[in-house]
Amino acid sequence: MPDDSGALRARQRTGTGIGLLLVLVLGAALIVALPGDDGSDHDSCQALTVGSWDPDDALDAEFARYGDDASRTDDWTGGDGTHSVRLPDGRVLWLFSDTYLGRVYGPPNPHGESHAWRDAGTPLVRNSAVLMRDGRLESTLPAPLFADPAPNRWRWPVAARVEPRSPGSAEQVVRVLLWVRTAGQSPWIYGVPTATEVATLSLPELRLESIVEVLGQQSVPDPSRRVLFGTTLVEEDGWSYVFGGDDGRAASRPASHAYAARVPEGALADPAAWQYWSGSAWVPRARPRPVLGDGRRKGVGSAFSVVREGGTYVLFTMAAGAKGLTTVASYWACSPAGPWHGPAEEFGPPLPQGQVAAYNPQAHPVLSGDGRLVLSYDVNWLETTGAADRLSRNVSLYRPRFVSLRLAAVR
């Protein structure tokens, strides 16, 4: 598979990775949004792309410091699927998919290399959450935060937001989008797409209150024709615009399609409140139409991110084709529903030495400001053979890395 296929092969043995996305097939329903009601602000929209970027060494160093701290044996030492959300008290909640806990030992490792390392038999948990205060990582919540729903089935957390418990409520909670996957045979070595769920966490305790399935996929016979929503979301004008994509690359397409949904603020955990872009309007419980992707040169990778700058929406994804192992591409649009233009400027963020790949570019508005946008990307070992050993003998490999970038007008 192009894009991050090598990283996915590596996860056959390690169990790590963010996975691909899901296709939703639901019955047609009554249209509830007027044509053209696409959330756009065309008057302030301009074509934007990556103008400049630099490695964010301070954030890289903070995750290295916390991950290498050997004072505890039940905290985060590495993971992928990196997402963040700011809590009302100022803390930042970091959410991860497959995660190593355990103990990290200082260099040299048992192979005589100058890397911090962990025991090769250290188990993975399917998800974790880490709290940051004033730019410093402080603690790991008991992991996994979201228990497996059934044997051979697991949950990966993706986008999250703080919103009212219900529309108009003064009480706030944290909603976390979850991807549910089920163990499968090749080519579904990273799991068969199963459902999109929404978890509710209390504030300020972050106690798990409930998990609700909003989009079940079990009835869709072809896993490559499923959509999983939640790889990214944008808050705007009382709505959460939630993006997802299909698993088309499992069918040998170089790029997958992106889809869009929207939910009123306070209603992410209400399946009946979700609306999907049909190609001309936002509709409830209908099969969505892609907003981006031709299955070849244009489209998204296994996970992508969207931000809003003024009236412009900017999407970051790994590039289509072989460049998807190393290169981030961008698209822009005047509304979540598109039309999306690009790919525009591409860039290759720094990677450690070895047979590694980048994947899952995610924007972190909670750490951004003054015209600067923080973007993370995950790193994994490419090849299946020896992957688990490689991730253990050099713990720095399987951790997010960060860049700070500035957007500029498309030339």
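In the hairpin formed by strand 13 and strand 14, two residues lie between the strands, and Asp237 adopts a positive phi near 50°. The model is predicted: local features need pLDDT of at least 70, side-chain atom pairs count only at pLDDT 80 or more, and totals for chains, interfaces and linings use all residues. Residues are numbered from 1 along each chain as its sequence is written, and side-chain values use heavy atoms, with hydrogens and water left out.

The two strands of this hairpin run antiparallel, and eight bridges join strand 13 to strand 14 (residues 239–246). Strands (E, at least two residues) and helices (H or I, at least four residues) are DSSP runs numbered from the N terminus, and two strands pair if DSSP finds at least two bridges between them. Within the hairpin, Glu235 stands opposite Ser240 in strand 14. Of the ten residues of strand 13 (residues 227–236), nine are buried, so the strand is largely enclosed by the rest of the structure. Buried denotes a relative accessible area under 20%, exposed one over 50%, and partly exposed a value in between (1.4 Å probe, protein chains only).

The protein chain as a whole has three helices and 23 strands. Buried residues make up 57% of its 411 residues. The accessible surface of the protein chain comes to about 15,200 Å², and carbon and sulfur atoms contribute 49% of this area. Accessible areas come from the Shrake-Rupley method with a 1.4 Å probe; for residues, only the protein chains shown count as cover. Among contacts (heavy atoms within 4.5 Å) in the protein chain with a separation of 6 or more, 64% are between residues 24 or more positions apart.

Helix 2 (residues 57–68) comprises twelve residues, and the span from its first C-alpha to its last is 16 Å, close to the 16 Å expected at 1.5 Å a residue. The expected span is 1.5 Å times one less than the number of residues. Leu59, Glu62, Phe63, Tyr66 and Gly67 are buried in helix 2. These residues cover an arc of only 125° around the axis, which puts them on the same side of helix 2; the arc is that of the directions from the helix axis to the C-beta atoms. An α-helix has 3.6 residues a turn, so residues three or four places apart point the same way. Asp57 and Ala58, on the other side of helix 2, are exposed. The cover over the buried residues of helix 2 includes strand 4 (92–96), strand 7 (128–133), strand 8 (136–140), strand 22 (373–381) and strand 23 (401–409).

One open sheet consists of four strands in the order 3-4-7-8, with antiparallel pairing. Its edge strands, each pairing on one side only, are strand 3 (83–86) and strand 8. From one strand to the next, the twist averages 30°. Axes are lines fitted to C-alpha atoms, for helices over the stretch in contact, and angles run from 0 to 180 degrees between N-to-C directions. Five bridges connect strand 4 and strand 7 in the antiparallel sense, and Val92 stands opposite Met132 in strand 7. Helix 2 packs on this sheet, touching strand 4, strand 7 and strand 8, and its direction makes about 35° with that of strand 8.

Another open sheet has four strands in the order 1-23-22-21, and its pairing is antiparallel. Strand 1 (48–55) and strand 21 form the edges, each pairing on one side only. Neighbouring strands of this sheet are turned against each other by 35° on average, direction ignored. Strand 1 pairs with strand 23 in the antiparallel sense over seven bridges, and Val403 in strand 23 is the bridge partner of Pro55. Helix 2 lies across strand 1, strand 22 and strand 23, running at about 155° to strand 23.

Ala409 lies in strand 23 and is partly exposed, with a relative accessible area of 44%. Ala409 and Thr49 are 360 residues apart in sequence, yet 6.2 Å apart in space, C-alpha to C-alpha. Neighbours within four places in sequence aside, Ala409 contacts Gln46, Ala47, Leu48 and Thr49.

Glu345 is located in the loop between strand 20 (328–333) and strand 21 (356–363). This residue, Glu345, is partly exposed, with a relative accessible area of 41%. Glu345 and Gly51 are 294 residues apart in sequence and 7.9 Å apart in space, C-alpha to C-alpha. Not counting residues up to four places away in sequence, Glu345 touches Thr49, Val50, Val328, Ala329 and Ser330.
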